[in-house]
Amino acid sequence: MTPPSPPDEHEPSAVTALAEGRPAGEPLPAWARILTRLLDDLLRIPGTEQGVGLDALLGLIPGVGDTVTGLGSMALLVLALRKRVPTVVLVKMLANIGVDVLTGTVPVLGDLFDVAFRSNRRNLDLIEKHAYGKEEPSTGDYVLVGGGLLIAAAAVATPFVISGLVGFSLVRWLTGS
């Protein structure tokens, strides 16, 4: 008879899990792994470990591919919410989805990018790592999210700043000052 193995220091104890109102060691649902495999790893490229999924294949059909795969990405995001993944990690997941969607709009090159980037695999890994607070987000997570928010704010503000400068210059030109 083998002795029981010591508890994993990163895995919350069964007592903690029950106190939080959730089952101890609750695994991710099978549908999440199947969905991720379908979207990112359905077919293996011969001679490599790289997979090609429906995300890249359906992306070749304008409009259809991004819509179908976007729904799959959103399902993983909902799963992350249910698993109480920290907000900063949810934002990182949204960034992965955003990169996938933005690059997916570029015909053919975006689909090739989908093969390498595999946003759904990245997001499933984040859910596994951070579900129920198993692991705290890193400083890098916060820096990435903060930088993304700054870029988004700059993207929103830029048209207003430019139109303000153009308007100010126009007024100065019209008034001769």
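**Salt bridges, a cavity and a surface patch in a predicted model**

Arg-33 has a relative accessibility of 41% and so counts as partly exposed, since this class lies between the 20% limit for buried and the 50% limit for exposed residues. The model is predicted. Glu-128 has a relative accessible area of 26% and is likewise partly exposed. The side chains of these two residues, Arg-33 and Glu-128, meet in a salt bridge, with an N to O distance of 2.4 Å. The pair links distant parts of the chain. Arg-33 belongs to helix α2 (residues 30–40), and Glu-128 to helix α7 (residues 119–130). The two residues are 95 residues apart.

The overall fold gives the setting. The protein has 177 residues, and 29% of them count as buried. Its secondary structure comprises eight helices and two strands. From the N terminus on, two helices are followed by two strands, and six helices then complete the order.

Side chains of opposite charge can pair when their charged atoms come close. A search of the whole structure finds three salt bridges. Two of them involve Asp-41. In one, the side chains of Asp-41 and Arg-118 meet at 3.0 Å, N to O. Asp-41 lies in the loop between α2 and β1 (43–44), and Arg-118 in the loop between α6 and α7, so this salt bridge ties together parts that are 77 residues apart in sequence. Both partners, Asp-41 and Arg-118, are buried. The relative accessible area of Asp-41 is 6%. That of Arg-118 is 17%. Each value falls under the 20% limit, which means that each residue is classed as buried.

The side chain of Asp-41 also meets that of Arg-121 in a salt bridge, at 3.0 Å, N to O. This pair, too, links distant parts of the chain: Asp-41 in the loop between α2 and β1, and Arg-121 in helix α7, 80 residues apart. Which exposure class holds Arg-121? With a relative accessible area of 22%, Arg-121 is partly exposed. Asp-41, Arg-118 and Arg-121 are thus linked in a network of salt bridges. Within this network, Asp-41 and Arg-118 are buried, whereas Arg-121 is partly exposed.

Arg-118 has a further feature, in its backbone. Most residues other than glycine have a negative phi. The phi of Arg-118 is near 50°, a positive value in a residue other than glycine. Arg-118 sits in the loop between α6 and α7. Val-108 also has a positive phi, near 60°, and is not a glycine. Val-108 is found in the loop between α5 and α6.

Val-115 provides another long-range contact in sequence terms. It lies in helix α6. At 16% relative accessibility, Val-115 counts as buried. Val-115 and Asp-40 are 75 residues apart in sequence, yet 7.1 Å apart in space, C-alpha to C-alpha.

Val-108 reappears at the surface. It contributes to a nonpolar surface patch of about 490 Å². The other members of this patch are Leu-60, Val-106, Leu-109 and Leu-112. Val-108 occupies the loop between α5 and α6 (109–117). Val-108 therefore has over 30% relative accessible area, as patch membership requires.

Empty space inside the model was also examined. Rolling a probe the size of a water molecule over the atoms shows where empty space is left. The search of the whole structure finds one cavity of 30 Å³ or more. Its volume is about 30 Å³. Which residues line this cavity? The lining is made by Asp-55, Asp-66, Thr-69, Gly-70, Asp-100 and Val-101. By class, three lining residues are charged, two are polar and one is nonpolar. Asp-55, Asp-66 and Asp-100 are the charged residues, Thr-69 and Gly-70 the polar residues, and Val-101 the nonpolar residue. Helices α4 (64–82) and α5 (87–104) each supply at least two residues of the lining. Helix α4 gives the most, with three residues.

Conventions. Residues are numbered from 1 along each chain as its sequence is written. This is a predicted model: local features need pLDDT of at least 70, side-chain atom pairs count only at pLDDT 80 or more; totals for chains, interfaces and linings use all residues. Side-chain values use heavy atoms; hydrogens and water are left out. On a 1 Å grid over the protein atoms alone, a cavity is a set of points where a 1.4 Å probe fits but cannot get out, and a pocket is an open set with protein on both sides within 12 Å along at least five of seven lines; lining residues have an atom within 4 Å of a point. Grid points are joined across faces, edges and corners, and a volume is the space filled by probe spheres set on the points. Helices (H or I, at least four residues) and strands (E, at least two) are DSSP runs, numbered from the N terminus. Patches are made of residues with over 30% relative accessible area and no salt bridge: like charges are joined within 9 Å, nonpolar side chains (Val, Leu, Ile, Met, Phe, Trp, Tyr) within 5 Å. Accessible areas come from the Shrake-Rupley method with a 1.4 Å probe; for residues, only the protein chains shown count as cover. A salt bridge is a side-chain nitrogen of Lys or Arg within 4 Å of a carboxyl oxygen of Asp or Glu. Buried means under 20% relative accessible area, exposed over 50%, partly exposed in between (1.4 Å probe, protein chains only).
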